[in-house]
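Me: I am new to this structure and should be grateful for a guided reading in questions and answers. Please begin once the structure is on view.

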Amino acid sequence: MRKLLLGTTALAAAATLSANAALADVSIAGYYEWKYNSRSSEVTSLDGTTYNSDSEITFKFSNKTDSGLDISLTTEMLSDGGDTTIDEASITISGGFGKVTLGQNDGVGDNYGIAESDIIAEDEAPTQVSATVDTTSDLNLGDLDANKVIYHIPPIGNLTAGVSFTDAGEEGNADSTGYGARYTAEAGGAAVTIGAAMNSRENATKDIDSSNIGIKVVSGDLSFIASQGAYEANDEDRETYGFSASYKMANGMTVGAYTVNSEDDKDNGEEYERMGVELQYTIASGLTAYINIDEYEYTTGSSSSTTADEGTNSKLTIKATF
């Protein structure tokens, strides 16, 4: 009798799981990037050639409740050689009230800020030794993928906005709050988007504040971005300006150009400048090649703990998406 009861219970549980699984839409996506980098640098440890790779797999489950709510679970897992860390994992609940995301994810600034890198596919800047300036005008989130609460309001016409909060723990820790908004309009046949975002993180000596504002114009195959970023912290007062443009050609190629300038007013004369070009070529569906060539210069100014550098960085990236 006991065996029959256990067997019946197991069958009922399996049937319930099967029924629930049937209700959910499941998708799996991923990408793998292989990179060859050649750098000419005044810093010996940075000069030379390297191979690198980057890979990620995304699992997404979505469902619709009887009451009309849309529920989804998204988990992003790093899948490079020897690295299986969970990058982001969160649930999202959306309906007429807007959208709420709970879990490990970027703050809302990632959705609303506009930076020059947004239309450049392989936008990583050459790293600098101990530099305290920024290499992009993008928002410095501060809390990255920490566990947080995110809320996006329902769109009001062409306006979207959101807020996020990260509770870092006990009193005195680095709680973080982010805000962001975007407005899109049409002007002369072009789509114009204005975006702004900020993030503030508590700190014992001085709160860390980061902000971004930018404008993006898309007219046919031509896109253009102008943006400004700022970062304030203890002994840090940075301003960064970025500009970029890209053009999609009929032969499957996209060309882009970009420039970034960043200064730290607290360290008089500390400055980073970068300009570069990018060529994207679609080899086949899901397979793309990118070539980036950057010229950069970093000057230390009054900063005594950094190392000046200038040079050229060339990179070939082969990316497969699934």
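**A reading of the predicted model**

Reply: Val277 counts as partly exposed, because its relative accessibility is 45%. This residue belongs to strand E14, which covers residues 270-284. The model is a predicted one.

Me: Which residues make the nonpolar surface patch to which Val277 belongs, and what is the area of the patch?

Reply: Val277 is joined in the patch by Tyr32, Trp34, Tyr36, Tyr51, Ile291, Ile293, Leu316 and Phe322. Together these residues make a nonpolar patch on the surface of about 900 Å².

Me: Which element gives the most residues to the nonpolar patch?

Reply: Two elements give two or more residues to the patch, namely strand E1 (25-41) and strand E15. The element that gives the most, with 3 residues, is E1.

Me: How many helices and strands does the chain have?

Reply: The chain has 322 residues, and buried residues make up 34% of them. Its C-alpha atoms fill a box of roughly 80 × 50 × 50 Å along the principal axes. The count of elements is 2 helices and 16 strands.

Me: What is the mean pLDDT of the chain, and where does pLDDT stay under 50?

Reply: The mean pLDDT is 89, and 91% of the residues reach 70 or more. Confidence is under 50 over one stretch, for which the model has 0 contacts beyond four places in sequence. That stretch is residues 1-21.

Me: What share of the area exposed by the chain do carbon and sulfur atoms supply?

Reply: The chain exposes about 17500 Å². Of this area, the share supplied by carbon and sulfur atoms is 56%.

Me: Among contacts between residues at least 6 apart in sequence, what percentage join residues at least 24 apart?

Reply: The percentage refers to contacts in the chain between residues at least 6 apart in sequence. Those that join residues at least 24 apart amount to 51%.

Me: Why does the salt bridge between Glu122 and Lys35 tie together parts that are apart in sequence, and how many residues separate them?

Reply: Side chains of opposite charge can pair when their charged atoms come close. The side chains of Glu122 and Lys35 meet in a salt bridge, at 3.7 Å from N to O. Glu122 lies in the loop between helix H2 (109-112) and strand E6 (147-152), whereas Lys35 lies in strand E1, so the separation in sequence is 87 residues.

Me: Are Glu122 and Lys35 buried or exposed?

Reply: A residue counts as buried under 20% relative accessible area. Glu122 has a value of 4%, and Lys35 has a value of 10%. Glu122 is therefore buried, and Lys35 is likewise buried.

Me: With which residue does Arg39 form a salt bridge?

Reply: The closest N and O atoms of the salt bridge are 3.2 Å apart, and the partner of Arg39 is Asp309. The pair links distant parts of the chain, with Arg39 in strand E1 and Asp309 in strand E16, 270 residues apart. Arg39 is buried, and so is its partner, Asp309.

Me: How far apart in sequence are the parts tied together by Glu124 and Lys315?

Reply: Glu124 and Lys315 form a salt bridge whose closest N and O atoms are 3.0 Å apart. Glu124 lies in the loop between H2 and E6, and Lys315 lies in strand E16, so the parts tied together are apart in sequence by 191 residues.

Me: Is Glu124 buried, partly exposed or exposed?

Reply: The partly exposed class lies between 20% and 50% relative accessible area. Glu124 has a relative accessibility of 41%, and therefore counts as partly exposed.

Me: Which residues are linked with Glu124 in a network of salt bridges?

Reply: The structure holds 10 salt bridges. In the network, Glu124 is linked with Glu33, Lys35, Glu122, Lys315 and Lys319.

Me: With which side chain does the side chain of Glu239 make a polar contact?

Reply: Glu239 is found in strand E12, residues 236-248, and is partly exposed at 34% relative accessible area. Beyond its neighbours within four places in sequence, Glu239 is in contact with Gln228, Gly229, Asn261, Ser262 and Glu263. Its side chain makes a polar contact, at 2.9 Å, with the side chain of Tyr241.

Me: With which side chain does the side chain of Thr306 make a polar contact?

Reply: Thr306 is found in the loop between strand E15 (287-299) and strand E16 (309-321). Thr306 is buried, with a relative accessible area of 12%. Its side chain makes a polar contact, at 3.1 Å, with the side chain of Tyr298.

Methods. Residues are numbered from 1 along each chain as its sequence is written. Side-chain values use heavy atoms; hydrogens and water are left out. Helices (H or I, at least four residues) and strands (E, at least two) are DSSP runs, numbered from the N terminus. Buried means under 20% relative accessible area, exposed over 50%, partly exposed in between (1.4 Å probe, protein chains only). A polar contact is a pair of N or O atoms within 3.5 Å; within protein, one must be able to donate a hydrogen and the other to accept it, and residues adjacent in sequence count only if both atoms are side-chain atoms. pLDDT is the predictor's confidence in each residue, from 0 to 100. Contact means heavy atoms within 4.5 Å. Patches are made of residues with over 30% relative accessible area and no salt bridge: like charges are joined within 9 Å, nonpolar side chains (Val, Leu, Ile, Met, Phe, Trp, Tyr) within 5 Å. Accessible areas come from the Shrake-Rupley method with a 1.4 Å probe; for residues, only the protein chains shown count as cover. A salt bridge is a side-chain nitrogen of Lys or Arg within 4 Å of a carboxyl oxygen of Asp or Glu.
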